[in-house]
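Let's take a walk through this protein together, a few helices at a time. Keep the picture open and find each part as we get to it.

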Amino acid sequence: MVLVKLKKIVVINGNAGVGKDTFVRLCREIYPDISNYSTAEIPKRIMKRYFGWNEEKSDKTRKYLSDLKDMLTEYNDVPYRDIETKLKYDDSSLVFIHCREPEEIEKFRIRMNAIPLLIKNDRITISPSNHADKNVDKYNYAYEISNNGTINELREEAKKFLKLIEVIK
């Protein structure tokens, strides 16, 4: 008999600088069997390789990355297909996928039974430079976590979340 490892997929979203990567890192400290991907990986690689982008995150580069991701999605659903391919070879039991656009989040929810998660931080000033950043709140997330306290408080939120989605007891 072959045992199949069940994979949980969480689509994580939130405005720039709210602590999405920190949240994933804290989840990984509690439960190490986690992978972390982003639908912006290919646009970022293209910007670095062909346009000399130094990974500086400004309103201008965020807009370019968003526009490039839109083109790749419209052309052949490249960002989604890239994640789909990675998941075929990923044996982690929990996967976080960073994605901003509500229609893309919904695609992951429907096709992969992904759990939509929003990270918020009231201390962060939001100045959206593109439609993806402007539309972060325009989705009905299954879970919302506020990152308004200390790192230890966020660690506790990570633990609660992992229990809620039944990854840990």
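**A loop, its neighbours and two helix crossings**

We can start in the loop that joins α2 to α3, because that is where you'll find Glu-55. Keep in mind that you're looking at a predicted model. Glu-55 isn't a glycine, yet its phi is positive, near 75 degrees. Is Glu-55 buried or exposed, or something in between? Its relative accessible area is 47%, so it counts as partly exposed.

Now step back along the chain to α2 itself, which covers residues 41–51 and has Ile-42, Pro-43 and Met-47 buried. Why can we say that these buried residues line one face of the helix? Look down the axis of α2: the buried residues fall within an arc of 135 degrees, so they sit along one face. And what lies over them? The cover includes α3 (59–76) and α4 (78–88). Just after α2 comes Gly-52, another residue with a positive phi, this time near 70 degrees.

Let's see how α2 meets α3. Their axes are 9 Å apart, and the two helices pack at an angle of about 115 degrees. The crossing is right-handed. On the α2 side, the contact is made by Ile-42, Pro-43, Lys-44, Ile-46 and Met-47, while α3 brings Tyr-64, Leu-65, Leu-68, Lys-69 and Leu-72. Sort the residues of this contact by class and you get eight nonpolar, no polar and two charged. Notice that Ile-42, Pro-43 and Met-47, which we met as buried residues, turn up in this contact too.

Follow the chain past α3 and you reach Asp-77, in the loop between α3 and α4. Asp-77 also has a positive phi, about 55 degrees, although it is not a glycine. Its relative accessibility is 16%, so Asp-77 counts as buried, whereas Glu-55 is partly exposed.

Finally, look for α1 (residues 20–30) and α7 (residues 151–164), whose axes come within 9 Å and cross at roughly 65 degrees. That angle makes α1 roughly perpendicular to α7. This crossing is right-handed. Among the α1 residues making the contact are Phe-23, Leu-26 and Ile-30, and those from α7 include Leu-154, Ala-158 and Phe-161. Taken by class, the contact of α1 with α7 holds nine nonpolar, one polar and five charged residues.

Conventions
Residues are numbered from 1 along each chain as its sequence is written. This is a predicted model: local features need pLDDT of at least 70, side-chain atom pairs count only at pLDDT 80 or more; totals for chains, interfaces and linings use all residues. Side-chain values use heavy atoms; hydrogens and water are left out. Buried means under 20% relative accessible area, exposed over 50%, partly exposed in between (1.4 Å probe, protein chains only). Helices (H or I, at least four residues) and strands (E, at least two) are DSSP runs, numbered from the N terminus. The arc is that of the directions from the helix axis to the C-beta atoms. Contact means heavy atoms within 4.5 Å. Axes are lines fitted to C-alpha atoms, for helices over the stretch in contact, and angles run from 0 to 180 degrees between N-to-C directions. Angles under 35 degrees count as roughly parallel, over 145 as roughly antiparallel, 65 to 115 as roughly perpendicular and the rest as oblique. A crossing is left-handed if the near helix is turned anticlockwise from the far one by less than a right angle, and right-handed if clockwise. Ala, Val, Leu, Ile, Met, Phe, Trp, Tyr, Cys and Pro count as nonpolar, Asp, Glu, Lys and Arg as charged, and the others, Gly among them, as polar.
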